[in-house]
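I opened a notebook on this structure and went through it step by step. My entries follow in the order in which I looked things up.

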2 protein chains.
Amino acid sequence: MSNLVSVKFATLSEDIAQQLSRAIVQGHIPQGSKISEAELAKQYGVSRGPLREAIVKLEGLGLVTRTANVGARVIELNIDDMLETFAMREALEGMAARLASEKMPEEEVTRLYHLLDEHQAYLDANHDEHYVQQGGNDDFHLRIIHASGNTKLIRLLTEELYAVIRMYRHHTADQRRDPRQALREHRAILDAIANHEGDLAELLMRRHISRASQLLKQAMEQCLVKP
Amino acid sequence: MSNLVSVKFATLSEDIAQQLSRAIVQGHIPQGSKISEAELAKQYGVSRGPLREAIVKLEGLGLVTRTANVGARVIELNIDDMLETFAMREALEGMAARLASEKMPEEEVTRLYHLLDEHQAYLDANHDEHYVQQGGNDDFHLRIIHASGNTKLIRLLTEELYAVIRMYRHHTADQRRDPRQALREHRAILDAIANHEGDLAELLMRRHISRASQLLKQAMEQCLVKP
DNA sequence: TAAATAAAAATTGTCGACAATACAACTTGA
DNA sequence: TCAAGTTGTATTGTCGACAATTTTTATTTA
């Protein structure tokens, strides 16, 4: 009986999985900590069955690691793992950008240009304070991913990889020291997509993500924000 | 109490997940069929608990889809899904080839050349009958993937994506009509890796996989081998 | 006959209890 | 004192039973 709102899902298991995922991503359950079934079950007011099922799902998402007869632990963030994750993200989002440049409808291109204009305006108004776009519908990357039209790719990126990616964002200090640069890169990517230049869109997206991973790496080297 | 050998895993859940996975990939449990918890539990001689856990894992692997209060169904293979899967595979294995060209040790390069020679000899001896390399240690692709050194990439490709990919291989007729062409492509990829030409290795791997998906598509259009 | 409703059966979701395993503390013997 | 073995406790793995939901079947009505 802990968390604020318990959005009612169809089953307890889904509900718990969702809550646990958020708790881990946002650091309420610290990295490397042990997941005690009995404890969490009592905490969330359910029996161990659904909770266990939720943990198995989290293992599939890569948020926890499980060992037989020992239990589950929250993953620990480190630079090597981050680089690995971002290498995969580079490959997959690059492909998404390529596909998007073939399939994105004109209206969505227009809407995305408007979105970038809004971001620009935000930066102008807020003294370059970087905008947070964590998974909302106004996240440029998510829009590109969805425009790829590849449902499997969408699922993998948005439901699996992004859980870990958000975790890295949450646990490291504000790494975007030059949000205008990121915005310029977004605009270049969108230009390529608008012109249906798949190769270029992929290239630019990969560079963009590669650069982000380097920035994140630097941020992690300086200080890993401990929960 | 059905399957031939029940390799003893640490937990029943792992054991069942493994067996179910094989049964689905090999078509012993037909596509689109319903997974009845009670029935399978009796069949494998376990209670519904571990079996349920196994099903949740299979859902994570994308082998079954689950809907609340209704149950799990084996996925149904179709061309669109196949193309989606192979698009992801193209992106990820392309990245793997790129990384492998940076990290693969000389000895492994030599061993892989020998492996390709063996394949060549096999084709010469067996009248171009295509060699089956389903997930064994002599699978060229798996060796490249492992040489990438990216553990997350390895896990995703070998444990998740390849389950579905093997399923497509199993359920479609012999699609490789020109195994020598595939071998030539493998050799070209390995050449690029040996020369540490990451860009080229990635490009060639992507072309290779793209070509394979086109062949598979043609095979599926002609006849989907029903179980 | 067909559609709509209600009862029944089957299946999934959840729970509490027991068994098996792992880890810690303690004892024993050299 | 230290190593090995033993016991005890805590945690996970598994099970069978009950509750909730869906699907099927039977019944009623237009």
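Entry 1, the two chains. I superposed chain B on chain A in this predicted model. A turn of 180° with a shift of 0.0 Å along the axis lays one on the other, at an RMSD of 0.0 Å. I therefore noted a two-fold axis, since that is the relation described. I then compared the contact residues: 100% of those of chain B recur in chain A, so the same surface serves both copies.

Entry 2, confidence. I looked up the pLDDT of chain A and found an average of 89, with 87% of the residues scoring at least 70. Residues 1–6 of chain A fall below 50, and this stretch has ten contacts in the model beyond near neighbours in sequence. Where pLDDT is low, the predicted coordinates should not be read in detail.

Entry 3, DNA strand C. Which parts of the protein supply at least two residues each of the surface near DNA strand C? I listed α1 (12–25) and α3 (48–61) from chain A, and β1 (34–35) and α3 (48–61) from chain B. There are 19 residues around the strand, and A:Leu12, A:Ser47, B:Lys34, B:Arg48 and B:Arg52 come nearest. Sorted by class, this surface has seven nonpolar, seven polar and five charged residues.

Entry 4, the DNA side. I checked the atoms of DNA strand C within 4 Å of the protein: 72% belong to sugar or phosphate, and the rest to bases.

Entry 5, phosphate oxygens of DNA strand C. I found a polar backbone atom of A:Ser47 2.9 Å from one. For B:Lys34, a polar side-chain atom lies 2.9 Å from a phosphate oxygen. For B:Glu37, a backbone N or O atom lies 3.4 Å from a phosphate oxygen.

Notes: Residues are numbered from 1 along each chain as its sequence is written. Chains are lettered from A and ligands numbered from 1 in the order in which they are written. This is a predicted model: local features need pLDDT of at least 70, side-chain atom pairs count only at pLDDT 80 or more; totals for chains, interfaces and linings use all residues. Side-chain values use heavy atoms; hydrogens and water are left out. pLDDT is the predictor's confidence in each residue, from 0 to 100. Contact means heavy atoms within 4.5 Å. Copies are superposed by least squares on the C-alpha atoms of residues with pLDDT of at least 70 in both. A residue is near a molecule or strand if one of its heavy atoms lies within 4 Å of it. A polar contact is a pair of N or O atoms within 3.5 Å; within protein, one must be able to donate a hydrogen and the other to accept it, and residues adjacent in sequence count only if both atoms are side-chain atoms. Helices (H or I, at least four residues) and strands (E, at least two) are DSSP runs, numbered from the N terminus. Ala, Val, Leu, Ile, Met, Phe, Trp, Tyr, Cys and Pro count as nonpolar, Asp, Glu, Lys and Arg as charged, and the others, Gly among them, as polar.
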